[in-house]
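Got the model loaded in your viewer? Let's walk through it one selection at a time.

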Amino acid sequence: MTPGGVNDRMKRVLAASTLLIVTLLALVYVQVTDRQDRAIETRFMENVNLVKRLNEAIAYDVMALDTGEQLNYDRLSHDQSELFRISSTMRRDIFAVLSENGSTDIKSQLALIHQSEIRLESVLEDYKTQHAILRNSQRFLSSRAARNALTTGEIGEIDNEWYMLVSDFINDLFAYNFNLSPSIREHMLNEIHIWRDKFLPDVSRYGDRLELLRHLELVIEDLPVVKDLRNEILQLTQFPYEHLERLYLKQRESVMQHWEVMSQVFFWLTLFFAVCVLLALYLLYRNMHRLTGVLSELRNQKFALDQHSIVSIADLEGNITYANDRFVEGSGYSREELLNANHNLLNSGMHSKEYFSNLWNTVLAGKVWQGEICNRSKQGELFWCNSTIVPFLDDKGKPYQFIAIRTDITARKTIEENLIQAKERAQVILDSVGDAVISIDRDLNIDYMNPVAERLAGLELEDAQARGNLLALFDIIDERERKPESYRISNCIEKGHREILSTHMLLNRLDGREFSVEIIIAPTHDSQHAITGAVLAMHDMTEIRGMARKISHQANHDALTGLSNRNEFERILRALLHKSVEEGVDHVLCFIDLDHFKVVNDTCGHVSGDELLRQLAEILRSQIRDRDLLARIGGDEFAVLLGECPMERAEEIAKNICRRVKEFRFAWEDKVFQIGASIGLAAINADSVDAVTVMRHADTACYMAKDKGRNGYYIYRENDEELSQRSGEMQWITRLTRALDENLFELHVQKAISLTGNPDYYEVLIRMRQEDGELVSPMAFIPAAERHGLMQDIDRWVINQVLKNNVHWQREKCVVSINVSGASLSDPNLADFVICALRQYQVSAHQICFEITETAAIANLGNAVTFINKLKDAGCLFALDDFGSGLSSFGYLKQLPVDFLKIDGVFVRDMVEDEIDSAMVESINHIGHVMGLKTIAEFVESEMILEKVREIGVDYAQGYGVAEIKPLLPEGSVPNPKRLLI
Amino acid sequence: MGLLLAVPMLAVGAATVAWNDKLVVKDEISRVISPIPDHVAVSGDPALVALGKRLFTDTRLSGQQDVACESCHRLDLGGTDGKPYARPEYHINTPSIFNVRFYDRFYWNGRVRSLEEQTDRAIVSSVEMAGDWDRVINLVRTDPAYNTLFTTVFGTDPIDKEQIIGAIAAYERSLVSANSRFDRFLSGDLDALDNDEVNGLKLFLDYGCIACHQGMNIGTNLYQKLGVIVPYTDSDAMTDVADRYSVTGRPEDVQRVRVPSLRNIAITGPYLHDGSVPKLENVVEIMFRHQLGRVPTRSDIHMIVKFLKTLTGRPPA
């Protein structure tokens, strides 16, 4: 059943319904009109009766007035009004019912009635008027005045005659009242005129009589008039209304018959159309029933479509008019946002304009468009859809909207993309990998070769594929037995196992070239795990095998000098030791430490250092025998193993080395350096314990050689006193510990003079007195003390000594400055130690200053700040030492709350000659002042420098040019060392 | 017929009136004049009457917005305007608005038979209010106060001419001045009239005034010629519009006018159709001469006037 069929049936139902309604309305109209007519008819009949009765009432009223039963006109007037009112209603009703189709009979009858009523009204009014006049006169005749007219006056002839006359008048009048005879009337009027003429000359006397005569005359004249009027009224009120009634009813009958017929006709028509409507409805219902089935099927199909696809409908402009749930879901927009929005809302920008214009041209031409479109969701995600756009065509075959059915193929697209990427990646890998990769099928035919494989095979991929079989390119043979091993590839494919042919494989190309290779054979499978062939990965070992040898050499040799390295050296040493123990052969181990090597490295850089080492290695090599082993075992340390060599011969060699090195001049750019070598010799013999001991012995001997004066050699011997005492660093620990224990340190001060009127500043300096009474400069022992963690003890000793001996400086109101090492800055207890000591010796804290180096402070910035703050709270002062040469960061300067800034002497020393140094001093001084610090210039060694410093405005000057270093304690007050123990 | 014999001769001249005389007079007059029923004074839908009153007093209904119905039918002047004519160009004396509910014809020449019709004509007549119905209806429809009142009375039907007229007529019907002393006398209170007044009433009967001035309204239900006995020529306006002739065109109707009601006559001067007579005594004298053809004594006139003054009813509250 087509929708068109339903439409037709719908139209039929509508048409039948319309007709049914029309006939029904007509029927109702007929019925209502009929009923109204009947109502009017009823009223008309009532009114006719009423009019008749009122006519009778008027007749009665007139009679009653005539007889004196009624004495006023109220009743008559009322009935009169009622009559005219109802009569006019009655006439109106007839016209309303009959309108134009009323018969002429009725119309003329109505006109007649109207005429009669108008006449009646006039007559009635005339009657009343005349009746009133008549009554008035009649009343006069019975009044006192009439009696007066009779009785008053003179008694005489006239009077008798008058009296007689009146008496006659009364009789005549009585007769006249019954019979309006003109003769009586004439007679009476005659008499009246005669008598009036008699009385008129004497009005004053006969006034009453004249009046009586006048009233008599009026009665006589009026009486017939009134009677005539009365009669006319009685006649008019006899109007035959029955005639009208009859005509009316007759007319009504025909009208009613007409309505009756109409009513019947419309009734049957209504019935007929009602049946038609029912029939049409039944047919429609049957169709609808069928359509419902179709519709439900369509709905299911739509549901299925909606479940499977993204569906939208758009108008000709591309505006969305419908979007299913999947569309909404996929687009990320709400349905409200989508509806009426243009489809290009989802445009991803992935397609060209031409792509879409092609789409539009297709669908606007009424054709179906299919393709893949990349859309962009509200969240910005791209999703691919396989889209089918179908235009909906109108009757003329022109599209009026489009339905777009899409399948989300984002997943497929992603897989495709991933595949492409994977393929690309694989291609890049294969192109860039160092191995030759060849893919073959089960029959060993070439599928693919990467560039390395092409090189290895000496063929392009196309040529190789043209040759087909792998074995047409090369053979694989065992390099030892030179027997073919190609069968192993086939075997591998058969078995499906991965196989590695790692050793001795030789690829024998058809042109005769051979390559040692390592081959990995990996079978390939299809998705059903069936073997489809194999991939051969071949590593060209030809070069690598050469490399292996090289790496082995590198592992044992120093790259710079080409000499054996420490590993190799130790291995050989151990071997020699072993040999020595077993065979009783003596050997000698030499340690060679270069003197002044660091100078070269520091001044000219590593490149020069490396060059120096290379040249020295050559010199050393030239001085030893071929069988001896020369090795570089450290930065500037070399070792020589003199195999089967007596110590005497070794001494000679060492002596030669020293001489040759001393003679050697290393030139770098415009500089020439002289190098020295300190050599330690240790014997390797059956008594040697192990390699480590031997090496330590040689090391110790080397130190001794250095200690004894550079560029010499020293031979290690067992039980050598001098050696044991002075061997290396160990000695310094002992000496420093002893110095602390026995108060061998001495304190000196150097004064910094104030140039700007500040209190004097004394820097405390430490010296160590040796057993021989000679003073050792701190430069000599402090590095050792720092290395061995003795600085904290030394610092505490100094602090304690200074504070304890405050009597010697406190009264001068000066500032005493103590150097604090970096290690002490990290000592969390030092601050408390200082505070305790201050209290113990009752020293005013603001006279104590601590000098710290910028480097030390920054290395332990957190601790240093804590330390400084703690002691500053206690009142102590602080000075930043050597400012300008280290990190020289003004930023750090801000973080360190110091009171004095000591400008590094390096700048001060040369400031007279060097403008840059001078400027440095000036700027540091300036910055110090800006920060509210007192500045101290070190190394003021001459008057000129002093002048310059003063000129710049530095607060203090310190140096040999200003004040010598003097002992802190006055001569003779040197404490007894033993008692000075803390 | 037979009035002449049926009417008894009355005792004449007594200064005082005996009670039984009064009773006789009362019985006689009661047959001719009925009292105004007291209860009608308060009949009618109060809301409709109130609405009618508002319209009755609204000058906006007139063409020039200057006069209302009330302007000429002033309740404090017995329902008239107290002037010879309402308008200078219209030489017709304004009849009273009181007791019109008992009238069966309106205007001096009775050209209208219902109060509604009279109201309709009064609104549009160029010599009365000179209004225009379309304008009046529009005015009433656009007035919020009227809207409320009309809705209360007539429901939500659109306001039309019939409603407006109906309301005015309803109000006019409420204007009944009942309970005059004469009415009380008619109702049996013989002491309601004093001797002079009873004597005046007797003269009213004797002279024949009662022939025309009868019925509840003491007039109005018939036309009578002014100058029945002695022609009346004082009025020049009579032939213009006032007489019945102007309606029917019949020669008999020349100089015939509606017999005016004598109720409230004492307070509705000046008198006659043209308002040419300011005093009651004078008009009584004119009536005697022209209608009765008699010359009354001064004392008769005096007593009749006294009687006429008892016809003044109590106006509605």
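**Chain A at a glance**

Start by showing chain A as a cartoon: its secondary structure comes to 33 helices and 28 strands. Keep in mind that this is a predicted model, so colour by pLDDT next. Chain A has a mean pLDDT of 83, with 92% of its residues at 70 or more. Then jump to residues 973–982 of chain A, where the pLDDT is below 50. Beyond near neighbours in sequence, that stretch has nine contacts in the model.

Switch to colouring by burial, and 31% of the 982 residues in chain A come up as buried. As for contacts in chain A with a separation of 6 or more, 63% of them link residues 24 or more positions apart.

**Three strands in a row**

Select residues 369–376 and 382–393 of chain A. These are strands β3 and β4, which run antiparallel and are joined by eight bridges. For one pairing to click on, take Asn375(A), whose bridge partner in β4(A) is Phe383(A). Five residues sit between the two strands of this hairpin, and Gly380(A) takes a positive phi near 90 degrees there.

Now add residues 399–408 of chain A, strand β5. Nine bridges join β5 to β4(A), again antiparallel. Here Phe392(A) has Gln401(A) as its bridge partner in β5(A). The hairpin of β4(A) and β5(A) also has five residues between the strands, with Gly397(A) at a positive phi near 80 degrees.

**Where A meets B**

Bring chain B back into view. How many residues does each chain put into the contact? Chain A gives 30 and chain B gives 32. On the chain A side, α1 (3–67), α2 (74–98), α3 (104–141) and α7 (203–236) each supply at least two residues. The largest share, 13 residues, comes from α3(A). Colour the chain A side by class and you get seven nonpolar, 13 polar and 10 charged residues.

**Into the cores**

Next, select Ile233(A), Leu201(B), Phe204(B), Ile304(B) and Leu308(B). These have the most contacts inside the largest nonpolar core, which has 95 residues. The element that gives the most to this core is α7(A), with 10 residues. Zoom in on Leu201(B): leaving out residues up to four places away in sequence, Leu201(B) touches Val25(B), Ile29(B), Leu193(B) and Phe307(B).

For the last stop, select Ile794(A), Ile799(A), Ile852(A) and Leu893(A). They are among the members of a second, separate core of 75 residues. In soluble globular proteins, nonpolar side chains tend to be buried together.

Key. Residues numbered from 1 in each chain as written. Chains lettered and ligands numbered in written order. Contact = placed C-beta atoms within 7 Å. Helix = DSSP H or I, 4+ residues; strand = E, 2+ residues; numbered from the N terminus. Nonpolar A, V, L, I, M, F, W, Y, C, P; charged D, E, K, R; others polar. pLDDT = per-residue confidence, 0-100. Buried ≥ 20, exposed ≤ 12 C-beta atoms within 10 Å, placed from the backbone. Pairing = 2+ DSSP bridges. Core = buried A, V, L, I, M, F, W, Y, C linked by C-beta atoms within 7 Å.
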